[in-house]
Structures are given as structure tokens and as C-alpha cells.
Amino acid sequence: MEHTISVIVENKAGVLTRVSGLFSRRGYNIKSLAVGETDVPGISRMTIVVNGDEKTIEQVEKQLYKLIDVIKVIHLTDEEFVERELVLIKLNVSKSTRTEILQVVDIFRSKVIDMNVNSFVIEATGTTSKISALEKALQPYGIQEIVRTGMIALSRGAKKSKGVSIK
């Protein structure tokens, strides 16, 4: 089963290495990892997507709390949350495919953010499945390069995630 974990950490050198190292030492492959600063200076949020059973994830959470730079671990899979991923796709374009590609871009509510005679750079945000579907739809046109951010996620509603108090 896929689990989404949000880890609130101090924004210091080496924290990412210590957290990702914890997963690798235990043989867990991280499917997605995104990190960014929060609204609180010096505090960052990591969104980690990993596969494993409930017992395994519980052990990972306990191990994360043992790391000195970890402030809070939130298992988002246990609550309702929203998720998004950003992708940039550089794509081959010809006179004959330009209109078709623009239709695909429109269907997926994405946009062309750079263009020249032979290529487009397309930006899209959405769930991981939406991004994968867009990528699949554009593959026949010749993807030159692609970069995905990994999933970011927050719990739904006005309340903060269970027990999160980072101020």
C-alpha cells in the first residue's frame, strides 16, 4: 500500500540526507520526495511517498522521531488530504502536430509556457495519476525531456494536521 508522510523538520544542512538515509538503511524505496520551506522561518516540510504495510510505516515513523531535526511526522494517509505534483515536459512539435498537442494541453488544463518552431514546454499540475495520464497522452508526439517535482500534500480542512504545532 502507498503511504504519504509529511515530515516537519528544521531547515539545516544534512537533514534531507539523514531522513532519506533512514529509508535507504531499512531498504525502503522512496517513491516520491519533495521538500520546501514552510511559513515558519527555519522550518521545512518534506512530503514522502513510500510503499509498505502499516507495521512497516509505523516503524519508519518511530525511527523518524528519533532524528534530532525532525519536529513532527504526519501520516497523511490516515486523514483526508489534497495532493499535487508539478511537471514540465519539453515536446517535439511540427506544423502538423501543433494543433493536436494544444488540444491535449487544453484537455488536461495544462499550459504551454515556452514555444519555438520545433518544441513546446508544457506545464501541468495535478494528482500523480493526472500527470501520468498527460505524459502518456503526449508520448506519441516525442517527449524530449521531462521533470516532475514529486507529490506535495496537505491535510484537508481548516484545522492543522493532527498535533502539528510548529510555531
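Let me start with lysine 12 and aspartate 69, which in this predicted model form a salt bridge whose closest N and O atoms are 3.9 Å apart. The two partners are distant along the chain, 57 residues apart, with lysine 12 in the loop between β1 and α1, and aspartate 69 in the loop between α2 and β4. Their surroundings should be read separately: lysine 12 counts as partly exposed, because its relative accessibility is 46%, whereas aspartate 69 is buried, with a relative accessible area of 7%. For those who set a distance cut-off in their own scripts, the limit used here is 4 Å between the side-chain nitrogen and the carboxyl oxygen, so the 3.9 Å pair is counted.

How many salt bridges does a search of the whole structure find? The search finds nine, and I will take two further ones. Glutamate 2 pairs with lysine 31, and here the closest N and O atoms are 2.4 Å apart. This bridge also links distant parts of the chain, since glutamate 2 is in strand β1 and lysine 31 is in strand β2, 29 residues apart. Glutamate 2 itself is partly exposed, as its relative accessible area is 34%. Then there is glutamate 145, whose side chain meets that of lysine 90 in a salt bridge of 3.3 Å, N to O. In that case the connection runs between strand β8, which holds glutamate 145, and strand β5, which holds lysine 90, the two residues being 55 apart in the chain. Both partners count as partly exposed, glutamate 145 at 48% relative accessibility and lysine 90 at 30%. Returning to where I began, Lys12 and Asp69 belong to one network with Glu10 and Arg18, joined by salt bridges that share partners.

Strand β1 deserves another moment, for the sake of serine 6, which is placed in that strand. Is serine 6 buried or exposed? Serine 6 counts as buried, because its relative accessibility is 0%. Its side chain has a polar contact of 2.8 Å with the side chain of arginine 45. Leaving aside residues up to four places away in sequence, serine 6 touches Arg45, Met46, Lys72, Val73, Ile74 and Leu76.

Turning to the nonpolar interior, the largest core has 16 residues, and the members that touch the most others are Val7, Val19, Phe23, Met46, Leu64 and Val70. At least two residues of this core come from each of β1, α1, β3, α2 and β4, and α1 gives the most, with four. As one example, valine 70 touches Val7, Ile8, Val9, Val19 and Leu64, again not counting residues up to four places away in sequence. Another core, of 15 residues, lies apart from the largest one, and its members include Ile89, Ile101, Phe108 and Leu134.

What does the helix α1 pack against through its buried residues? Those residues are Val15, Val19, Gly21, Leu22 and Phe23, and they pack against β1, β2, β3, α2 and β4. As a reminder, an α-helix has 3.6 residues a turn, so residues three or four places apart point the same way. After α1 comes glycine 27, with a positive phi near 80 degrees.

A positive phi also appears at arginine 109, about 50 degrees, although that residue is not a glycine. Arginine 109 is placed in the loop between α3 and β6, and it is exposed, given a relative accessible area of 76%.

In helix α3 itself I would point to leucine 102, which is partly exposed, with a relative accessible area of 40%. Leucine 102 touches Val112 and Phe120, with residues up to four places away in sequence left out. The C-alpha atoms of leucine 102 and valine 112 are separated by 8.1 Å, and the two residues are ten apart along the chain.

Let me finish on the surface, where Leu86, Leu88, Ile113 and Val147 form a nonpolar patch with about 290 Å² of accessible area together. One of these, leucine 88, is found in strand β5, and leucine 88 counts as partly exposed because its relative accessibility is 31%.

Note on methods
Residues are numbered from 1 along each chain as its sequence is written. This is a predicted model: local features need pLDDT of at least 70, side-chain atom pairs count only at pLDDT 80 or more; totals for chains, interfaces and linings use all residues. Side-chain values use heavy atoms; hydrogens and water are left out. Buried means under 20% relative accessible area, exposed over 50%, partly exposed in between (1.4 Å probe, protein chains only). A polar contact is a pair of N or O atoms within 3.5 Å; within protein, one must be able to donate a hydrogen and the other to accept it, and residues adjacent in sequence count only if both atoms are side-chain atoms. Contact means heavy atoms within 4.5 Å. A nonpolar core is a set of buried Ala, Val, Leu, Ile, Met, Phe, Trp, Tyr and Cys residues joined through side-chain atoms within 4.5 Å. Patches are made of residues with over 30% relative accessible area and no salt bridge: like charges are joined within 9 Å, nonpolar side chains (Val, Leu, Ile, Met, Phe, Trp, Tyr) within 5 Å. Accessible areas come from the Shrake-Rupley method with a 1.4 Å probe; for residues, only the protein chains shown count as cover.
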